[in-house]
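Reader: Please take a close look at how one pair of helices packs together, and then place it beside the main open space in the protein.

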Amino acid sequence: MELSGLVRALRPEGPGNGEQPPLAVPPAERVLLQLGQLLSEGPSSPSIIRDLGALVDAASCQWLLGGLSPTTLGGLVAALSAYAAPPKQEQDSVDLPAKDSAYAAAAVRAADVGSVFLHLLAKLEAAKTQESLGVPVVGPALCHVAAPIYIFAITHIAERPWTNAKSRAAAQEVLALLVQAADCESEAEFLRGKKEDEEGRFAAVMGLLKQELTKDNWKRNPATKFVFSWTLPHVTRPWLSRYLERVLPPSLLISDDYREENKILGVRCLHHIILNVPAADLCQFNRAQVVYHALYNHLYSREAPLIQVVLLCLLDLLPILEKAQRQQKQPRPTSSCDAVLQLLLTHMEAEHRLALRRVYARTLPAFVQRLGILIVRHLKRLERVILGYLEVSDGPEEEARLGILETLQCTMEHAWPRMPCRLSVLLKALLKMIWDVHTDQGPTPEPVKAALLQGATECLILLDRCSEGQVKILLEGVYSSCEENRVRECIRKVQENT
């Protein structure tokens, strides 16, 4: 029987009334099995997908689900999801085209498949209330279809080259209805489970993604990395630790790519894992060291967005490594944090690009705080970096200078015994910066200038305390000879501080 004829035969019965369709209608198992095989064999006519949607919409829950095995339904859903997937790419293809006829066709297919999934999920939701079906039928069916439907929804939910407004709207509706059909309140609950000891659908989703997230295949499906990076952040502590073996290898694989976009995506996945997996699990089998070396290699990059995410990730990883070292009672001449900071200062000293200077300066205070008194190991190079960055303006927002002023404050707080011998150099640099900011006629906003002057003043106060009042003595002559009120105000604050 043709699909259109089958739809007409089923429609008079009305969906969801629980009655058996006429005897002339073949069983759903046979019909859907044939459709699944047809979709798996190759490209299908869009009219078949639309007729399938009409069939599911017209069928009663009893006919559609009563005699249908969950395996058959899962096979059909997997075939539909594959039918709507974007076209495969070459392993080392160039960037995805913004507009492409194959991608446009994939968006049309996705909208049609999304309509079928919406009808199917509506039937599953309606079947819960029917005595002859209920949870014993809906539960197993949902277990077989939830993962492929979820992957379909995430593949098409965001703006990508293979989506359009219609396919994105359909994907959003499918995801919302899928979460509802699973009796969950959110996407995160759907993936991880409601309670700590409950397993959600994340394992099933990763089971389907596993065959795509391999060294040879992950670039062939352009949607795979986006589905993985979208799904992973929804699974947090304490659930994520049980999936560590499944999520760490693909995160490392994506971060090790030559394209900056993929590196950033992979590092963000690694950062989520570091934040949401217990330190003991990360240190087991030397996993934390593997992640550290992968991140450390990225520090040689010249791209500011990548350096930013790598440094933030390292700041959360380093305490885990140091704790493991202490527990193993290893001798600690230098630490991983020392190695990172040494490389960071080396790059900062020679860096001339403003974007990278800003990224380095923003994260430097956190590394000084992490090392504490041990920052004395790096004072010579750190001093050169501080002096160089105080001297050069980096634009209207002055992010680099503000970051370096914060770094100097942290350094003086932790390494104050080493400051008196650097008094002359630091005092000259701070006073010169105050004068440069005051006389600056550029586009720097007044609030930024005020923040710079305030930061420099606080550094002078700390320097005075470290040198037991020597700064106040040296500034007396400057205050009496200076005629600029703004500069005099900064000096006055230092002299009046007790």
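Author: A crossing is left-handed if the near helix is turned anticlockwise from the far one by less than a right angle, and right-handed if clockwise. Helix 19 passes helix 21 in such a left-handed crossing. This is a predicted model, in which local features need pLDDT of at least 70 and side-chain atom pairs pLDDT 80 or more, while totals for chains, interfaces and linings use all residues. Residues are numbered from 1 along each chain, and side-chain values use heavy atoms, without hydrogens or water.

The axes (lines fitted to C-alpha atoms over the stretch in contact, with angles from 0 to 180 degrees between N-to-C directions) of helix 19 (residues 379-391) and helix 21 (residues 423-439) come within 9 Å and cross at roughly 20°. Helix 19 is therefore roughly parallel (under 35 degrees) to helix 21. Helix 19 contributes E383, L387, L390 and E391 to the contact (heavy atoms within 4.5 Å), and helix 21 contributes V425, L426, A429, L430, K432 and M433. By class, seven of these residues are nonpolar, none is polar and three are charged.

The largest pocket (an open set of 1 Å grid points where a 1.4 Å probe fits, with protein on both sides within 12 Å along at least five of seven lines; lining residues have an atom within 4 Å of a point) holds about 400 Å³ of space. Its lining has 20 residues, and S81, A82, I151, E212 and N221 are the closest to the pocket centre. Twelve lining residues are nonpolar, six polar and two charged.

Note on methods:
Grid points are joined across faces, edges and corners, and a volume is the space filled by probe spheres set on the points. Ala, Val, Leu, Ile, Met, Phe, Trp, Tyr, Cys and Pro count as nonpolar, Asp, Glu, Lys and Arg as charged, and the others, Gly among them, as polar. Helices (H or I, at least four residues) and strands (E, at least two) are DSSP runs, numbered from the N terminus. Angles under 35 degrees count as roughly parallel, over 145 as roughly antiparallel, 65 to 115 as roughly perpendicular and the rest as oblique.
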